[in-house]
Amino acid sequence: MKILTTGGAGFIGSNFIIYMMDKYPDYNIVNLDKLTYAGNLANLKSVENIPKYIFIRGDICDKETVKKAMKGCDIVVHFAAESHVDRSITGPSVFVETNVIGTEVLLEVAKELNIKRFHHVSTDEVFGTLSLDNLKEKFNESSPYSPRSPYSASKAGSDHLVRAFIETYDFPATISNCTNNYGPFQFPEKIIPLFITNALNNKPLPIYGAGLAIRDYLYVIDHCIAIDLILHKGKLGETYCIGGDSEKNGLEIADTILNLLNKPTTLKTFVKDRKGHDMRYAMDHSKITKELGWKPTVTFEEGIEKTIEWYRANG
Ligand SMILES: NC(=O)c1ccc[n+]([C@@H]2O[C@H](COP(=O)([O-])OP(=O)(O)OC[C@H]3O[C@@H](n4cnc5c(N)ncnc54)[C@H](O)[C@@H]3O)[C@@H](O)[C@H]2O)c1
């Protein structure tokens, strides 16, 4: 089995490659990554000398590079993206280039090369926002698309392209829409690694607005397990929603981290809210639980402690 992983030097991609190389030592894994600010080869130190792992530096928007990287592969797992909402607000164009055009290039090449299975990694943010008034409501596979940031709009565009390839060409693809991940190797611009690294350095923790926006958190290895299951047991043409059953708002994240690190609550600093801030994401993962037997294995309490330990050791 030979798998092309795009964006494998990023947060989730590097966790996925390490997880897969450990679980399937016979598999060959090619990692195509442009190494933007978010890509870090140090994440992959533990596998870099394994002959079955190959790194190619390149852009998913460049068809010739993609062809070379994909040739001979059985499966594509597509992580590569511009992934930070705040950056998409100040500079949306690279989000359209990588997330929309890059995905289209990958799909075209995968179709030409008769790739057996293409898995597209996407986000719950494509569904827009849930209200804080009805905390029982969750997104699921039938939720309408309603993206509200340039990031989520570009990811929605990529999902639609994958769906269009499935419908138009009977293209062998699956999609997963997952909630917020946290864990080792995450670039410290997202809330959890930012708050941990700031707290470790006695710097303020910037909380958007009143800190009430809720995200559903999933430890990154549980996301890797879900993708592994979809690759091996998932039905082609299907979408799977992946969630952490662990909803927290910004204040709760700050308080948990400060408490675990024994730091003063005075480090909490309230800053101007993000433009168009989605107030709540939550995912109903009953389909993947019922059909593929997946559920989160790491509680938020365990996951946040492991994550803090990792940032302490890898400052
Ligand atoms: N982080 C989350 O909480 C989360 C949740 C759900 C879904 N996702 C999705 O999972 C995927 C991975 O997210 P992440 O948090 O690991 O992102 P990340 O920003 O940490 O990593 C992205 C990787 O893609 C690479 N990349 C960017 N542009 C590229 C290009 N044009 N060509 C080749 N490589 C390129 C970067 O160098 C980096 O290594 C994304 O598609 C994201 O939308 C993320």
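The exercises below, each with a worked solution, concern a predicted model of a protein with a bound ligand.

**Exercise 1. Describe the surroundings of the ligand: how many residues surround it, and which are the closest?**

Step 1. Begin with the count, which is 28 residues around the ligand, with I12, D33, S83, Y151 and K155 as the closest.

Step 2. Sort these residues by character: the shell divides into twelve nonpolar, twelve polar and four charged residues.

Step 3. Ask next which elements supply the shell, and find that α1 (11-23), β5 (117-123), α5 (150-169) and β7 (180-182) each give at least two residues. The largest share, three residues, comes from β5.

**Exercise 2. Find polar atoms of the protein that lie within 3.5 Å of an N or O atom of the ligand, and state what percentage of the ligand's exposed area the protein buries.**

Step 1. Look first at the backbone, where a polar atom of F11 is 3.0 Å from an oxygen atom of the ligand. A polar backbone atom of N181 is 2.8 Å from an oxygen atom of the ligand.

Step 2. Turn to the side chains, where an N or O atom of D59 is 2.9 Å from a nitrogen atom of the ligand.

Step 3. Consider the area: the ligand taken alone exposes 840 Å², and the protein buries 97% of that.

**Exercise 3. Examine the side chain of D216: is it buried or exposed, and which side chain of opposite charge is nearest?**

Step 1. Locate the residue, which has its place in strand β9 (residues 214-219).

Step 2. Recall that side chains of opposite charge can pair when their charged atoms come close.

Step 3. Test this for D216, which is buried and whose nearest side chain of opposite charge, K138, is 5.9 Å away. A salt bridge requires a distance within 4 Å, and D216 accordingly has none.

Step 4. Look for another partner, and find that the side chain of D216 reaches the backbone nitrogen of S246 at 2.9 Å.

**Exercise 4. Examine three salt bridges, and explain which parts of the chain each of them links.**

Step 1. Note that a search of the whole structure finds 15 salt bridges, among them the one between K67 and E112, whose closest N and O atoms are 3.7 Å apart. K67 lies in helix α2 (residues 63-70) and E112 in helix α4 (residues 93-112), so this pair ties together parts that are 45 residues apart in sequence. K67 is partly exposed at 28% relative accessibility, and E112 is partly exposed as well, at 43%. Both residues also belong to a network of salt bridges that links K63, E64, K67, E108 and E112.

Step 2. Go on to E189 and R87, whose side chains meet in a salt bridge at 2.8 Å, N to O. E189 is in the loop between β7 and α6 (191-200) while R87 is in helix α3 (residues 85-90), so the parts tied together are 102 residues apart in sequence. Here E189 counts as buried at 14% relative accessibility, whereas R87 is partly exposed at 35%.

Step 3. Finish with D278 and R148, whose side chains meet in a salt bridge at 2.5 Å, N to O. This pair links distant parts of the chain, 130 residues apart, with D278 in the loop between β12 (268-271) and α9 (286-292) and R148 in the loop between β5 and α5. D278 is buried, with a relative accessible area of 5%, whereas R148 is partly exposed at 43%.

**Exercise 5. Compare the backbone and the accessibility of D245 and N262: what is the approximate phi of each?**

Step 1. Take D245, which is found in the loop between β10 and β11 (247-249). Although D245 is not a glycine, it has a positive phi of about 50°.

Step 2. Take N262, which lies in the loop between α8 (250-260) and β12. N262 is not a glycine either, yet it has a positive phi of about 60°.

Step 3. Read off the accessibilities: D245 is partly exposed because its relative accessible area is 48%, and a residue counts as exposed over 50%. N262, at 72% relative accessibility, counts as exposed.

Note on methods:
Residues are numbered from 1 along each chain as its sequence is written. This is a predicted model: local features need pLDDT of at least 70, side-chain atom pairs count only at pLDDT 80 or more; totals for chains, interfaces and linings use all residues. Side-chain values use heavy atoms; hydrogens and water are left out. A residue is near a molecule or strand if one of its heavy atoms lies within 4 Å of it. A polar contact is a pair of N or O atoms within 3.5 Å; within protein, one must be able to donate a hydrogen and the other to accept it, and residues adjacent in sequence count only if both atoms are side-chain atoms. Accessible areas come from the Shrake-Rupley method with a 1.4 Å probe; for residues, only the protein chains shown count as cover. Helices (H or I, at least four residues) and strands (E, at least two) are DSSP runs, numbered from the N terminus. Ala, Val, Leu, Ile, Met, Phe, Trp, Tyr, Cys and Pro count as nonpolar, Asp, Glu, Lys and Arg as charged, and the others, Gly among them, as polar. Buried means under 20% relative accessible area, exposed over 50%, partly exposed in between (1.4 Å probe, protein chains only). Lys and Arg count as positive and Asp and Glu as negative; His and the chain ends are not counted.
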